[in-house]
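Thank you all for coming. I would like to take a few minutes to walk through one structure, beginning with a sheet and the helices on it and then turning to the aromatic rings.

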Amino acid sequence: MEKSTGCPVSKFQGGEIFHGFKIARVEAIPEIRVTACEAEHLKTGAKVLHLHCDDRENLFSVGFRTPSRDSTGAAHILEHTVLAGSERYPVKDAFNELSRGSLQTFINAFTYPDKTVYPVASQVRADFFNLARVYTNLVLKPRILRETFLQEGHHLTFEDPGETKSPLTVSGIVFNEMKGAYSSPDTLMYKALQDGLYPDTAYAFDSGGDPDIIPSLTYEQLRDFHKLYYAPANARFFLYGDIPTEDHLLFLEEMLAGFDRVRVESSVGSQKRWAAPRRSRRLFPIGKDEKPEGKTALNMGWLMMENTDEEEAVLLQVAAHALIGTAAGPLRKALIDSGLGEDLSPVSGLEHDLKQVAFAVGLRGSDPEKADRFEALVLGTLRKLAGTGFDRDLIEAALHQVEFHGKEIVRGTLPYSISLMSRVYHTWLYEGDPLSGLRFNRIIEGIRRRWENEPDLFQRFLSRWLLENPHRLLSVMEPSSTYQESQLQAFRERMAARKAGLSEETLEKIRRDAEALQRNQMEPDSPETLATLPRLKISDIPGDIDQVPVERTAVSGIPVLRHEIFTNGIAYLDLAFDLSGVPPDLQPYLPLSGRLTTGMGATGFTYEEMAKRIALKTGGVGSSLAAGLTADGRETWQKMIFRVRALHRNIPEALEVLFDLLTQGDLSDASRMRDLLFEMRNRMHAAVIPSGHIFAQRSAAAAQTLSAYLDELWHGRSQLQVLSAAADSFADGQGDIVGKVETLRERILRQGGVTVNLTADAGGLRILEENLAPMLRRLRGGSLVVTSAPVTPPPVSTGIAVPAQVCYVAKVLRAPAYSDPVSPALYVLSRELSKGDLYKRIRVQGGAYGGMSQYDPMNGFFSFLSYRDPHLVETLRVYDEVIDSRARQRVDGEDIERAIIGSIGAIDRPLDPAGKGFVSMIRDFAGITDEDRLKFRKGVFAVNADSLLDAARRCLLPALETSSIAVYGSDDRLRKANETLRPALLIEPLLGSPGQSRT
Ligand SMILES: [Zn+2]
């Protein structure tokens, strides 16, 4: 979104008929500057909603309501399967082909508990309609081949694939994906609440598939699932962007031709309300050597109203935020202060994505016998609040947060339109008004009016939906160090029993079928088949880069970068402090230092009072750490960045809050410090399994460059170890932490090493600048000089033992930095490998959820990664083989062209307003100019078979010698791998050093 002129004018009016569509209504929504047009296709009953605005990143998405009837994962496997070709586009892996050869800025598919959604986005009109055309055809008329079902769903094979004497086992991409999901304690915790609170509905089943049940799905059932739900009558088309509504309707008219209106029974039933609360107890896996004490999660959940009443749901959201949304929330505080657990469990909050809204709150780091006390504490606290009412500021803060987040344009990995789509589905999927979640100004006004007339509004709310609501579940999640093992054992026994009942001939047939499947998977589509997919020519691609406006100024001698960008009324301020004066022994404490700075009290305010000020006046105050190489690769930059975001009217107070924290932070509250430390440790620990490939990448990359080493130290396993040690020894170590954080603050938070980065529209920039100078003067003067720089460790082959049923395999090589002439070729090469051989061999053939390579020119390394991978040794072999093959053979020209188009799509991926300002600042640190970017982009266009071969030869082959390997996987898998791997992996437990590992 560059500039906005407000809501576009629609040529339609409600009630009008246009090319077979009845326009239901047209409505402007000024809060987000869109004009919504809702329509229905008369012949089929397909529903359409277009949010017309001036964003050129257009989104097309088609969603079906797909409530599950069992936990076979039919919805999820079908989602994978429809993307594997239709009659018209009989391409084996249409999804991968579309994503690699288009300028898509987003392409994916999501299976939710009651819907399946297929979104694609692009900034180029022709590309957009190409993608939308293929996607619509794939979902409505897929081939659903048996081979695809076997590959994506499940099939029988042998642990040693060619050997019928080896144990019988199951493979399949979704099967392995869900094994990964079921290794994550957070996922299991959500699941326990969801199927616990909605036991008599579709939500009692896992639409993603339970690995124990997935193998019972038949091919016929999968086909039936498609017949049942994937009809236009059950489709909701959500469209967004600057393409006019009539163009979308004309396109959809063509797509829907030939379909009739059929009756689809897809309604989602409501859960019947309970007369009395219930309890449940479940297990989740921890490492074999981990102690179960203090690792239980206790959660309470309530089933509340139907999702279609948006104002009521926002009221609940406000109440939930007031209760637990900030450190000042009375329920959050009561739980944390009780000492019954370590931090709030990740399920805490409002579940707004299902037919009935639910609220949950819980504690992590507890014990099962504390469940009664936990429950009594929650109910007691709520009872007290229902009597006394909330602190007014907490409600005001919650209303402010609804306004702020409703307004803010956020595009992280997902386009902004995806978040609007989710808000629309909250009501649309259940026949409610799709626009009600977008008109947050109207809702806030409505709530304010009600609150004025009924001052006890929120108290009555607590009574009605929490205290007097018997539909309540207490869920106890207990850690088990044998869970993983016994699950695996049970699976092996089931498979052994099954194998025992099979004849030699049948076993031989299983082997042959699995082999045939492998062969089939590796066979490429013919050029004629591939040609059925519409494709952009390189000449269709815009030649320019998207420039971020930047103006260099100074305030009181401090450098300021200024970005005038449309931000929908929000202003962003970053303060980036240089870290080159931080001694190596203090480097590991930077993350903690940042969190303690933004999370504790300051200027005489307690942390609760600060938390309230932050929620009342800002959209959030945060800190982050970033490091990278300069464009020429010669130097390393490293920064600690503090950011505050605020609505224009709150800018002065928001700056005040940030500088109070930076200059007069108070570290005296030991119990708050402990809570923050435990929260950090627990969050990071919980992130390891879901992001195993990233942790593995960091572990391996640390040996390659200083910036990658720092990244690992701050965000990788080393950081988790630092936080764990600090948490374990907190009782006698607090003084030590205070001292370290104080030293760090004193060294870093100075005028001398800071860069100010401002992102807002002209009005916002003016207010920021008017208030900045006196604030900056509050920082200490000067800067401190470099002491000794940290040194990167030598390359290693390590195996990190984690409780997971699958592996995460990383191999990282040193590679040239951004401005090296070879870097565009490496960029294209990583893309070509990811979408080509690695995809085919690790995902399609190997059954892993993902296999990819990444070139990071900002940190100077090239990596190979696998995600939720059933293999380990084989995967490492694949890495070596593809490097070898790229250094010996030229890649096919068609593949290169697709990789170039895909690379350009990745380079051009749009950023949200805050992201533009931030990325521009990072480029400044790296010394990358728009000219450099243009040169890099031109370099990408110029890549050919020779330059690719040359890049692999000159950069990858020689770097193999100093490459490093890190594998995250179960202890058993790592040990088994070491029987054949040379050099063997140095095995270490996730927390701890090699010496502590079992032998
Ligand atoms: Zn999936």
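In what order do the six strands of the open sheet come? Before I answer, please keep in mind that what you see is a predicted model. The order is β18-β19-β25-β20-β23-β22, and the pairing within this open sheet is mixed. At the edges we find β18, which covers 551-555, and β22, which covers 620-629, each of them pairing on one side only. From one strand to the next, the twist averages 25°.

Let me take one pairing from the sheet in more detail. Strand β20, residues 570-578, and strand β25, residues 754-760, run antiparallel and are joined by six bridges. If you want a place to look along this pairing, Y572 stands opposite T759 in β25.

Two helices lie across these strands. Helix α27, made up of residues 762-776, lies across β18, β19, β20 and β25, and its direction makes an angle of about 155° with β25. Helix α32, residues 913-926, lies across β18, β19, β20, β22, β23 and β25, running at about 160° to β23.

I now turn to the aromatic rings, of which a search of the whole structure finds 28 pairs. One of these is formed by F12 and F18, which are edge-to-face, with 4.9 Å from centre to centre and 65° between the planes; both of these residues are buried. Another is the pair of F60 and F251, also edge-to-face, where the centres are 6.2 Å apart and the planes stand at 85°.

Why does the pair of F60 and F251 tie together parts that are far along the sequence from one another, 191 residues apart? The reason is that F60 belongs to strand β5, residues 58-65, whereas F251 belongs to helix α8, residues 245-256, so the contact between the rings links those two elements. Both F60 and F251 are buried, and they are also members of a cluster in which ring pairs link F60, F128, F129, F237 and F251.

Finally, there are two places where a charged side chain meets a ring. The charged end of K115 sits over the ring of Y112, at 4.1 Å from its centre, while R681 lies over the face of F678, 5.2 Å from the centre of that ring.

Conventions:
Residues are numbered from 1 along each chain as its sequence is written. This is a predicted model: local features need pLDDT of at least 70, side-chain atom pairs count only at pLDDT 80 or more; totals for chains, interfaces and linings use all residues. Side-chain values use heavy atoms; hydrogens and water are left out. Two strands pair if DSSP finds at least two bridges between them. Helices (H or I, at least four residues) and strands (E, at least two) are DSSP runs, numbered from the N terminus. Axes are lines fitted to C-alpha atoms, for helices over the stretch in contact, and angles run from 0 to 180 degrees between N-to-C directions. Contact means heavy atoms within 4.5 Å. Rings of Phe, Tyr and Trp (its six-membered ring) pair if their centres lie within 6.5 Å; planes under 30 degrees apart count as stacked, over 60 as edge-to-face and the rest as tilted. Buried means under 20% relative accessible area, exposed over 50%, partly exposed in between (1.4 Å probe, protein chains only). A charge sits over a ring if NZ of Lys or CZ of Arg is within 6 Å of the ring centre and within 35 degrees of the ring normal.
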